[in-house]
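Q: I would like a close look at one part of this structure. Please go through it in plain steps and then set it in the rest of the chain.

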Amino acid sequence: MVLEVRGITKRFGGIQALTDVTFQVGKGEVFGLIGPNGAGKTTMFNIITSMFPPTMGEVIFMGKKLTGLKPHEVTEAGVCRTFQNIRLFPEMTVLENVTVGQHCRTKSGVWSSVFRTGAQKQEEKSIREKALELLRLVGLEELQDTFADNLAYGQQRRLEIARALASDPKLLLLDEPAAGMNESETKDLFDLIQNIKKLGITVLLIEHDMPLVMRICDRLIVLNFGKEIAQGTPEEIKNNPEVIEAYLGREEEEDLA
């Protein structure tokens, strides 16, 4: 297994955000984490990436315990994420935003940068080449010199994904990547996630766009008030009476049929 979440509980004072949540994500899967607003989904992302410590439980990635590591150590281990609210560097170009994402993999130090050693120049060239490759993947290569703040919303979403991919993750966490997107942008996102999967990268996805979720995910877990109410394939989830009652609703169920 790429990711094992074992009995995660999280309390914020008197508020219990997550209660004994357990799931596993296999290599190459697109695994969905869904549920109503306030179900604890982003809290789970924050725990996996060590932004929050769990009250109880542990997170295992590729056989290594992530619980207790610092966020940058989790990134170095091969786990990267995007956020609900886009967090780009608005006054940097598209290309610069992606090159920043490779920082955790660079080896050149201060002195090699100052003296512009051969190794440093070669690394700089490799960083640029990889950034351009990722921009081609997300369809933004022609906008490489554009400031991030001048991109359309859907383009900013794709740029954030490219920057996350620049860290060379084995597990990519996408937090509501389709939020605010129109139908065309959502289709492009579907194609992009499919291409990311073809690269052998495992994806953990939070998303409220149920047609997208049911098409793209191999398996899902559904949370409600911080507790698991179901796990299974998209077919199993959309036919689960408890999920329909708590989250999908009858009208949504008919749309997915």
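**A strand pair and its surroundings**

A: Strand E9, which covers residues 219–224, is joined to E10 by five bridges, and the two strands run antiparallel. Keep in mind that this is a predicted model. Within the pair, Leu223 stands opposite Glu228 of E10.

The pair belongs to a wider sheet. Six strands make up this open sheet, in the order E6-E7-E8-E3-E9-E10, and their pairing is mixed. At the edges stand strand E6 (79–81) and strand E10 (227–232); each has a single partner strand, so one side of each has no neighbour in the sheet. From one strand to the next, the twist averages 15°. As background, side chains in a regular strand alternate between the two faces of the sheet.

Next, consider what lies across this sheet. Helix H1 (residues 41–48) lies across strand E3 (30–34), E6, strand E7 (171–175), strand E8 (202–206) and E9, and runs at about 145° to E8. E9 is therefore both a bridged partner of E10 and one of the strands that H1 lies across. Seven of the eight residues of H1 are buried, so the helix is largely enclosed by the rest of the structure. The buried residues of H1 are Lys41, Thr43, Met44, Phe45, Asn46, Ile47 and Ile48. For an α-helix there are 3.6 residues a turn, so residues three or four places apart point the same way.

What comes after H1? The helix is followed by Ser50, whose phi is positive, near 65°. The general background is that most residues other than glycine have a negative phi. Ser50 is found in the loop between H1 and E4. With a relative accessibility of 14%, Ser50 counts as buried, because the cut-off for buried is under 20%.

A second residue with a positive phi belongs to a loop that follows a strand of the sheet. Glu176 has a phi near 50°, and it is a residue other than glycine. Its place is in the loop between E7 and helix H7 (183–198). Glu176 also counts as buried, at 14% relative accessibility.

The loop after H1 leads to another part of the chain. A search of the whole structure finds two aromatic pairs. In one of them, the rings of Phe12 and Phe52 have centres 5.4 Å apart and planes at 75°, so the pair is edge-to-face. Phe12 lies in strand E1, while Phe52 lies in the loop between H1 and strand E4 (56–61), so the pair ties together parts that are 40 residues apart in sequence. Phe12 counts as partly exposed, at 35% relative accessibility. Phe52 also counts as partly exposed, at 29%.

The other pair, Phe23 and Phe31, is stacked: the distance is 5.3 Å centre to centre, with 10° between the planes. Phe23 is buried, with a relative accessible area of 2%. Phe31 is buried too, with a value of 0%.

Strand E1 has a partner of its own. Seven bridges join E1 to strand E2 (residues 15–25), and the two run antiparallel. Leu3 stands opposite Val25 in E2. The hairpin of E1 and E2 has two residues between the strands, and in it Gly13 takes a positive phi near 60°.

Glu4 shows how E1 connects to other residues. It sits in strand E1, which spans residues 3–12. Glu4 is buried because its relative accessible area, 18%, is under the 20% cut-off. The side chains of Glu4 and Gln24 are joined by a polar contact of 3.5 Å. Setting aside neighbours within four places in sequence, Glu4 is in contact with Phe23, Gln24, Glu58, Val59 and Ile60. Phe23 in that list is also a member of the stacked pair described above.

Finally, here is the chain as a whole. It holds ten helices and ten strands. Of its 257 residues, 49% count as buried. Among contacts between residues at least 6 apart in sequence, 66% join residues at least 24 apart. The accessible surface of the chain comes to about 12700 Å², and 49% of that surface belongs to carbon and sulfur atoms.

Key:
Residues are numbered from 1 along each chain as its sequence is written. This is a predicted model: local features need pLDDT of at least 70, side-chain atom pairs count only at pLDDT 80 or more; totals for chains, interfaces and linings use all residues. Side-chain values use heavy atoms; hydrogens and water are left out. Helices (H or I, at least four residues) and strands (E, at least two) are DSSP runs, numbered from the N terminus. Buried means under 20% relative accessible area, exposed over 50%, partly exposed in between (1.4 Å probe, protein chains only). Contact means heavy atoms within 4.5 Å. Accessible areas come from the Shrake-Rupley method with a 1.4 Å probe; for residues, only the protein chains shown count as cover. A polar contact is a pair of N or O atoms within 3.5 Å; within protein, one must be able to donate a hydrogen and the other to accept it, and residues adjacent in sequence count only if both atoms are side-chain atoms. Two strands pair if DSSP finds at least two bridges between them. Axes are lines fitted to C-alpha atoms, for helices over the stretch in contact, and angles run from 0 to 180 degrees between N-to-C directions. Rings of Phe, Tyr and Trp (its six-membered ring) pair if their centres lie within 6.5 Å; planes under 30 degrees apart count as stacked, over 60 as edge-to-face and the rest as tilted.
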